[in-house]
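Me: Please take me through the largest nonpolar core of this protein chain. Which residues touch the most other members there?

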Amino acid sequence: MWGGAGKGLRDVGKGHIISDMTIDQALAALKIAPDVTGGDALWAHRSIEGADWYFVTAPKGKGFSGELSFRAKGEVELWDPVVGTSKPAQSQPNAERTTVKLNLAQGGSCFVVFRKKESTGAVAKFKATEAVATLPISGLWKLAFPTGWGAPEALEITELKPWKDLDISAEGKAFSGTATYTTTFTIDKTAPDLEYILDLGKVDMAAVVSLNGKEVGKLWAAPYRINLKDFIKQGQNTLSVQVTSTWFNRLAFDAGQPEDKRKTWTIAGPGKGSALRVSGLLGPVKLDVQK
């Protein structure tokens with residue numbers, strides 16, 4: 001195959017064979033510009049008729065804030081993969097490439113979409129957000145559990161902590177399922193040009209957010225953030241967060257119970273004496289007001 005030419009790059013028919021090179025070295029040898037440059041964000045690229053889609057995510061364990069250069073042209077959109085909303089991206093075309101500014105929280109991701117038409121300059125349409133205020137949502141929370149699982153129907157807490165660390169019965173500490181957190185906060189004045197971003201902090205595992213009796217949305221992956229703009233009101237607001245855990249803790253608890261006392265069964269689950277995992281709304285919860 002190599003014809004005695006050794007390793008490296010060899011032309012074969014209409015193609016090439018590459019050996020003993022890194023991907024970067026191979027791209028350089030083939031004179032192919034890197035698809036994405038400019039930072040340590042992770043990405044994947046899919047090209048379809050009429051558009052190029054890049055899925056971009058922050059590096060493991062940290063966020064990403066900066067500019068990435070894409071080997072693509074066209075009108076640029078940013079799509080939220082959790083809620084499906086989109087907005088124009090802050091971008092700058094440069095020959096056959098486009099530079100896009102991104103700001104991803106830890107665990108955050110987005111789709112960067114290039115519509116295959118001549119760019120008119122998305123910079124003019126993009127509105128950068130500006131932090132106006134941050135309101136910590138702390139103080140008194142009402143935590144309600146469903147009946148029949150050894151946890152109290154309701155208790156009041158002033159500190160968000162895992163269910164396993166609450167001052168309740170051993171069975172209650174092992175609760176698995178959906179519990180509801182409720183609290184209130186006050187907004188002195190609302191404005192139509194402001195965004196109200198609720199940040200739940202750490203959640204294990206999924207959450208449904210409601211404000212003033214109306215469901216805002218579901219969150220199932222970090223960062224647990226959601227916009228309350230269409231639901232918030234001037235004055236007192238009632239926030240409800242339903243948090244659902246896995247069944248691990250209840251299975252672990254039942255593994256140590258006599259069979260006639262168990263409420264859950266599984267073929268292969270955690271064994272007797274397994275340590276309980278962290279579950280619940282852990283926070284810190286805050287409201288970021290942006291303009």
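Reply: Here is a close look at that core, followed by its surroundings.

The model is predicted: local features need pLDDT of at least 70, side-chain atom pairs count only at pLDDT 80 or more, and totals for chains, interfaces and linings use all residues. Residues are numbered from 1 along each chain as its sequence is written, and side-chain values use heavy atoms, with hydrogens and water left out.

First, the terms. A nonpolar core is a set of buried Ala, Val, Leu, Ile, Met, Phe, Trp, Tyr and Cys residues joined through side-chain atoms within 4.5 Å. Buried means under 20% relative accessible area, exposed means over 50%, and partly exposed lies in between (1.4 Å probe, protein chains only).

The largest nonpolar core has 37 residues. Y181, L198, L200, L228 and L281 touch the most other members. Several strands (DSSP runs of E, at least two residues, numbered from the N terminus) give two or more residues to this core, among them β13 (141–144), β16 (195–199), β18 (206–211) and β23 (286–290). β15 gives the most, with four residues.

Now zoom in on L228. Leaving aside residues up to four places away in sequence, L228 is in contact (heavy atoms within 4.5 Å) with F185, Y196, L198, V209, L211, V216 and L287.

A second, separate core has 18 residues. Its members include A41, L68, V76 and V112. As a rule, nonpolar side chains in soluble globular proteins tend to be buried together.

Next, strand β18, where A207 has its place. A207 counts as buried because its relative accessible area is 2%. Beyond four places in sequence, A207 touches L200, G217, K218, L219, V241 and Q242. Take G217: it lies 10 residues from A207 along the chain, and their C-alpha atoms are 8.6 Å apart.

For contrast, look at L9 in strand β1 (residues 9–12). L9 is partly exposed, because its relative accessible area is 37%.

Finally, step back to the whole protein chain. The chain has three helices (H or I runs, at least four residues) and 23 strands. Buried residues make up 35% of its 291 residues. Consider contacts between residues at least 6 apart in sequence: 67% of them join residues at least 24 apart. The C-alpha trace spans about 75 × 55 × 30 Å along its principal axes.
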